[in-house]
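Please look over the notes below alongside the sequence and the structure. They are meant for someone meeting this protein for the first time.

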Amino acid sequence: ARSATHGSARTAPMSDSGGYSRDRVVRALQHRLAALSGRSVAQFEPMTAVLCRRGQRLRPHWDAEEYPGALRASRQSVISCFVHLTTLTAADGGALVFPRLGLAIQPVAGDAVCWLNVAPSGRVLRRTLHFGDEVAGDVDKWAINVWIREATP
């Protein structure tokens, strides 16, 4: 993740879309997430390194969009995975928060949180609104975003 981000960048791609990485660690993670999700790596968007430093946060958002016809060409984001690369204490902040579900998940290195973004009908699951709480400590929060799109028809 460090080698992917440069300068003041907070996000950077770590893999190409829809293919296995040449990096053995990233490729191993892709294999594990493909097995966990039951989806092919061909459905993966580029895996993205995420860095949050003291005072930074990730805004509230959903990882899917309502299903307009134009989205059918690019395919809906149906599953999200957020892989923690660092451990932060509660005092350090940086939790992954799902306010509509009443969940706050404190980062533990090596843990991943995965969730469905849409119902089988394609309707966005609005309860999956989430954000990254502010990092309060002097530790950098590193993670990897993995978005998995629906299969092509």
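1. Among contacts in the protein between residues at least 6 apart in sequence, what percentage join residues at least 24 apart? The figure is 74%. Contact here means heavy atoms within 4.5 Å. Please keep in mind that this is a predicted model.

2. On the elements: the protein has 9 strands and 2 helices. Read from the N terminus, their order is β-α-β-β-α-β-β-β-β-β-β. A strand thus opens the series, with a helix following it, and the series ends in a run of strands after the second helix.

3. On the sheet: an open sheet is built from 4 strands, arranged in the order β3-β8-β5-β6. Their pairing is antiparallel. At the edges lie β3, covering residues 58-61, and β6, covering residues 103-105; each of these two has a pairing partner on one side only. From one strand to the next, the twist averages 10 degrees.

4. On one pairing within that sheet: β8 spans residues 130-132 and pairs with β3 in the antiparallel sense. The two strands are joined over 2 bridges. Which residue of β8 is the bridge partner of His61? That residue is His130, so a reader can find this spot by looking for the two histidines.5. On burial and surface: the protein has 153 residues, and 44% of them count as buried. The exposed area comes to about 8,300 Å², and carbon and sulfur atoms supply 53% of that area.

Technical notes:
Residues numbered from 1 in each chain as written. Predicted model: local features only at pLDDT ≥ 70, side-chain atom pairs only at ≥ 80, totals over all residues. Heavy atoms only, no water. Pairing = 2+ DSSP bridges. Axes fitted to C-alpha atoms, helices over the stretch in contact; angles between N-to-C directions. Buried < 20%, exposed > 50% of the residue type's maximum accessible area, 1.4 Å probe, protein only. Areas by Shrake-Rupley, 256 points an atom, 1.4 Å probe, with all protein chains shown as cover.
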